[in-house]
Every structure is written in C-alpha cells, then in structure tokens.
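This report describes the arrangement of a protein structure for a reader who meets it here. The sequence and the structure are shown first, and the description follows.

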Protein chains: 2
Amino acid sequence: MDQKSGIKIVDATMRDGGLVNDFYFEDDLVRALYQTNLATGVDYMEFGYKASKRMFDPAQNGKWKYCDDENIRAIVGENQTNLKIAVMADVGRCDYHEDFLPKSESPIDMIRVATYLDTVDGAVSMIEDAAKKGYEVSCNVMAISKSEQYDLRNALETLAKTQASVLYVVDSYGALYPDQAKRLVDTYLDVAAKYGKQVGMHAHNNLQLAFSNTMLAHELGATWLDGTYDAMGRGAGNCAMELLLGYLEKKGYEKYKMAPALPFLDRYMEGLKRKGVVWGYDTQYLLTGLLNQHPRAAIKFTKEGRNDHDAFLREIE
Amino acid sequence: MDQKSGIKIVDATMRDGGLVNDFYFEDDLVRALYQTNLATGVDYMEFGYKASKRMFDPAQNGKWKYCDDENIRAIVGENQTNLKIAVMADVGRCDYHEDFLPKSESPIDMIRVATYLDTVDGAVSMIEDAAKKGYEVSCNVMAISKSEQYDLRNALETLAKTQASVLYVVDSYGALYPDQAKRLVDTYLDVAAKYGKQVGMHAHNNLQLAFSNTMLAHELGATWLDGTYDAMGRGAGNCAMELLLGYLEKKGYEKYKMAPALPFLDRYMEGLKRKGVVWGYDTQYLLTGLLNQHPRAAIKFTKEGRNDHDAFLREIE
C-alpha cells in the first residue's frame, strides 16, 4: 500500500467536541464543517454518537448525541462526495438492534464501536451486527493507558477476529508519553498485521502530546488518524486538525489542505468560544493526565472556575 | 556520566517571558519564582537579558532587560543555594566589556550568549570575555530552522572550540517537526562530542511540539533543557516547565518536583494573565511556525485582537 494514499483522516469535532457542549451544534455550523472537510480533504466526518434515547433523555442533549439518519441527511443529502460519514456507538449505551438501519437505507458509512477492555464481548456483538448491516466498522478501545499488556493483547486478538477493519488506540486520559504510546501502537500493529487490520490513533492533549503522539503513531504505521478542529474535545481536547493537516500537507500528502480550515475556525469555533464553550489544555488536565485519571475532576474544576491547582492536586492524588 | 544526575533544567521564564511584558516583573513575583525554583529542583534561573542601556532605553523596559547585578542581589542576596543564576546577552546588543563584572564580584553564574549564524565571530569574542571573567558560558544559536546544514556545522565547530560548555539548539520560530529536531540535535551532539561539550534544547510551541521536542532532545542525548512556567515566552511560548518537571519526576529523576510549581502558577502566572499579558499557542503561531517565520507578524495579529486567520495567512505567505 502506498502510505501517502493509504492514510485516513477522521474529523471527530462533533463527536468528541459534542462532549463539551452536550451535542448542541447548530445546523449552520454542521453544514460549514461538512463543507470544510470536503475542502481540506478529510476522509471521514464523525457526526456524533448513536446513543440510546431510552437511556439518555433527548430533552437534555443536542440531536448529535443520537445522529438520527434524517438529521444527517438534512446536512449531507445523499452525500454524493468522497467524504464518508461516521458515527460512534458505545457498548451498552445504544440500541443498535433497532436504531441502526441497514446501510442501504442510511447515509452513514462507518460505525465506530467504542468499548472498554471489560466490555469487549459486547463490542464483538455490535461489530458483527453493524458489519452484517453493511457498514464499515472500527473498534475504539478506550482508557488503555490503564490496561495490562496481557489483557490488552487478549482483547485485541478477540477484536481482530471480527469484521472491524480498524483497531484504534484511544488515549482517553491523555496520559501517554511517547515511549508508552509507541509500546501500545506497536502492540496494536503486531496484532493488526496478523489479521489484516489497520490501526488508528485518537489522542488527548493533557500533556500537550496529542499532535506529537498522532505523528508518532503515523510514523510507526498507524493509518487512521483522528483530529478535531481547534482541538475541540473533552477536557484538554484532541489533536488539532489544523496541525495535522498542516503537517501532512508539508510532508507531501497532496490530498490534504490546511488553509480551508481557517475560515471555519475563525467563524464557528471562535463563535463557540464566545458563547462560553470551554475546552483545551490547562494545568488541571496536565494533573489528571500525569495521574493517569479520567479528566472528570479537571472538567469539574474548570466549570467551577477554580484556580487552586495546588489544592486540586491534593484532592485527586 | 549518570544521565539522571547529569541533566540541567533551566528556567527561562523571566528571559523569554520578559519578551512578552517588556521585562516588567514585580520583585514579589521574582522572589516567588526564585523560591519556586529552589523547591522544584530547577538548576539554573535565567533572570533576563544584559542588554545595552545605550541601545535600549531603560525608561521603556523593565529592569530585567538589563539584569544589573544589584537588582539580582536584591532578590537572591549572596545566593547560598544550589540554584545557579544565568543571564542572556545578545551579540551586538550588549556592552559586555563594561557591564559584565568579574564573576568574583557578581551573583551571576552563567552567561548565555545568543547569536545568529552570521554573528558567530561576535559570539566567540563574548564567550571568551565571559569565560576569562570566570563565568560558565553557553551559546544559543538562534533561528536555526532556517540554516543550511553546512553553515550550521561550520558555526558549531567554531563555537565548540571556545570555552562555552553548552551549545543550544534554539527553535526560535517553533518550526521544527520531530524529524527536523532530531537531525539538528544529532548534528549538535556530533560536534559537541568531539570537543567535550554539552547540548541544550530551547523550544517554542508554535506547532504544540515544544514539550515533545524537548523530551526528544533529551532522549537523543541533550542534557540542558529549557522550560518556562506556564510556558510563558514570546509568541506561542516555550516548553511548559510544569510539563517537563512532571515528566522528569515520573521518569525517576528524584531531584525534580512538579507540585511546588503549582502555587506559583496559581498566584503569579494567573496574575499576569489577569492583567492582560498574553502568550501561548494559537492558530496564528501555527501559521508562522508552518511557514518557518519569525513570530512577529503573529504577535502583531494577537495584539490587534484580530481573528481573521484566513486573511492573515494570505498576508504572510
């Protein structure tokens, strides 16, 4: 495979960023994001989650937590473009039997199944359901910075035997230093090679390493790379798409262009910030990243407008 | 040499950060920073520049642009500690013959000579003057992301023959991707090894790579690592000291502690921000970094409160 044509860039702005604003994105923004992705050469646009409406009250969340096919279609029509449509679904938090139509009736191209290590059996069922319905499927294994090597390898072997085509390293806590990221990516690549699968990287920026770990994964052989515009995502945010695009463009990947991202950043991401939506690296996220913890305490600290990091560290360590 | 005792961490907050607030740091902050560095285990504290008062009007700059010995002494007394005192001096912008007293009369331990490639002869004169007066000396070669390999190696060979003990990679434009950073650090290490010198890394965060490039340099063999608290520094800022300390502590460097940095960040760096002092990564710095340019256009863009990155890119490219 020609590496320069083989990589896939996934825009996770609405999905990971939706965790920041409860998935309340205006259609105007979503349309602009879709057009931006067409212009920058991004390969997949993740619209949000397909979450269960029984478990998560639609009155309390924006519509992109559910990604009803008709809402996606209102943005993309029949999507006669090269940009593919992805959604994420969490094991145990979706009604995939009913909510996922056959691919032939849906604008969605790819289901990204998100699982923890201890819910891999559930992930396998979801993957097989989605594949049978005709979707491309990836599997994102979350919170692996906490995992034991033995458990992880077992889980990957199980997942690699399914019809998922991509296995994702997900640094949920933004806790991976390059040497740890390398070990994990190498483990994934090793299993993936045995079963003809691809490896992806989804990074968080707690240690200001989201972009560099994404480049590192790519260099090691990961071919699916996630970014979000302005790094919008839970807590410290993700790998900034504009950094990733600038890098790929400079390295000679002709498909990708950074400049078309700028008007979107200037108008829409700046607009979200002006409305008070807050995300991105800050010292509290460094601290949860260092401690290899879920960022929820840091998110609460941020929401409360606290600035006593010294006390915060004593609370969480 | 035991690598874990051999590294030197340099706090450049007042020097590179001084470029953001024209060196107007209150004594209260400077004292707190000094105490913080004692507590975190930082090895050198850079107080600012020794700039020429004839060339740079003292009425228009804070006193740390000049670092008079008496002003340093007002903070540190005779500095009976393990924390050493450094100042920077630019070739052609200081009066080193008069302003630099013999080391025996000064609280300063190290002179960091900053030079461009085309002023190396001037740097050599300054290095020899400082060494003769009894100081430790390093040489920081700026803006090397623009340099030709041949010119750089020649300059390094010249500098390595002086009494400077450390040669610094300085990514002034924050333009170095890891592969480029690696090539440069390897070039420095190669020359340094021939002459028994150490190599340092001073990074900027335009591509959100300041911390990761600093870790990379360390891994390759660089032993002098610069950081600034809250990453305070020109434009996109530097490698955040708290990230660096957290990393070193986690990797088993017992000398370094991250937690004592937090009260300083909470009180003083937050205080500077509340007063309107602005620094740190933003899209405009990504753009000058990508184009391998001095950040001055991005600094102006920031000061003017502009948010039209699309137009900005067309202006600078």
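## Strands β5 and β6 of chain B

In this predicted model, strand β5 of chain B, residues 136-141, pairs with β6(B) in the parallel sense, and four bridges join them. Within this pairing, Val141(B) has Val169(B) of β6(B) as its bridge partner.

Strand β6(B) is mostly covered, since five of its five residues are buried. Its side chains point in two directions: Val166(B), Tyr168(B) and Val170(B) go one way, Leu167(B) and Val169(B) go the other way, and all are buried. In a regular strand, side chains alternate between the two faces of the sheet. Val169(B), the bridge partner of Val141(B), is thus one of the buried residues of β6(B).

## The barrel of chain B

The pair just described belongs to a closed barrel of eight strands in chain B, which runs β1-β2-β3-β4-β5-β6-β7-β8 with parallel pairing. From one strand to the next, the twist averages 25°.

Where do β1 and β8 of chain B come together? Strand β1, residues 8-11, and strand β8, residues 224-227, pair in the parallel sense over four bridges. Asp11(B) has Gly227(B) as its bridge partner in β8(B).

Helix α9 of chain B, residues 178-195, lies across β6 (166-170) and β7 (198-202) of that chain. The helix runs at about 155° to β7(B).

## The barrel of chain A

In chain A, eight strands close into a barrel in the order β1-β2-β3-β4-β5-β6-β7-β8, and the pairing is parallel. Neighbouring strands of this sheet are turned by 25° against each other on average, direction ignored.

Strand β6 (residues 166-170) and strand β7 (residues 198-202) of chain A form a parallel pair over five bridges. One of the partnerships in this pair links Val169(A) with Met201(A) of β7(A). Helix α9 of chain A, residues 178-195, packs on the sheet and touches both β6 and β7 of chain A; its direction makes about 155° with that of β7(A).

## Loop residues of chain B

Two residues of chain B have a positive phi of about 50° although neither is a glycine: Asp22(B) and Cys67(B). Asp22(B) is placed in the loop between α3 (18-21) and α4 (27-40) of chain B, whereas Cys67(B) is found in the loop between β2 (44-49) and α5 (69-76) of chain B.

Is Cys67(B) buried or exposed? A residue counts as buried if 20 or more other C-beta atoms lie within 10 Å of its own, and as exposed if 12 or fewer do. Cys67(B) has 26 C-beta neighbours inside 10 Å and therefore counts as buried. Asp22(B) has 13 such neighbours inside 10 Å, so Asp22(B) counts as partly exposed.

Tyr177(B) lies in the loop between β6 and α9 of chain B. Because 19 other C-beta atoms are within 10 Å, Tyr177(B) is partly exposed. Between Tyr177(B) and Ala210(B) there are 9.9 Å in space, C-alpha to C-alpha, and the two are 33 residues apart in sequence.

## The domains of chain A

The domain assignment divides chain A into domain 1 (3-278) and domain 2 (282-317). Their C-alpha centres lie 25 Å apart.

In the contact between these domains, 11 residues of domain 1 of chain A meet 11 residues of domain 2 of chain A. On the side of domain 1 that touches domain 2, five residues are nonpolar, four polar and two charged.

## How the two chains meet

Which elements of chain A help to form the side that touches chain B? The contact takes 27 residues from chain A and 27 residues from chain B. In chain A, the elements that give two or more residues to this side are α10 (210-220), α11 (241-250), α12 (261-274), α13 (283-290) and α15 (309-316). By class, the side of chain A that touches chain B has 15 nonpolar, six polar and six charged residues.

Chain A is superposed on chain B by a rotation of 180° with 0.0 Å of shift along its axis, at an RMSD of 0.0 Å. The two copies are therefore related as by a two-fold rotation axis. Of the interface residues of chain A, 100% are also interface residues in chain B, so the copies meet through the same surface.

Definitions and conventions
Residues are numbered from 1 along each chain as its sequence is written. Chains are lettered from A and ligands numbered from 1 in the order in which they are written. This is a predicted model: local features need pLDDT of at least 70, side-chain atom pairs count only at pLDDT 80 or more; totals for chains, interfaces and linings use all residues. Copies are superposed by least squares on the C-alpha atoms of residues with pLDDT of at least 70 in both. Two residues are in contact if their C-beta atoms, placed from the backbone, lie within 7 Å. Domain bounds come from an automatic or database domain assignment. Ala, Val, Leu, Ile, Met, Phe, Trp, Tyr, Cys and Pro count as nonpolar, Asp, Glu, Lys and Arg as charged, and the others, Gly among them, as polar. Two strands pair if DSSP finds at least two bridges between them. Axes are lines fitted to C-alpha atoms, for helices over the stretch in contact, and angles run from 0 to 180 degrees between N-to-C directions.
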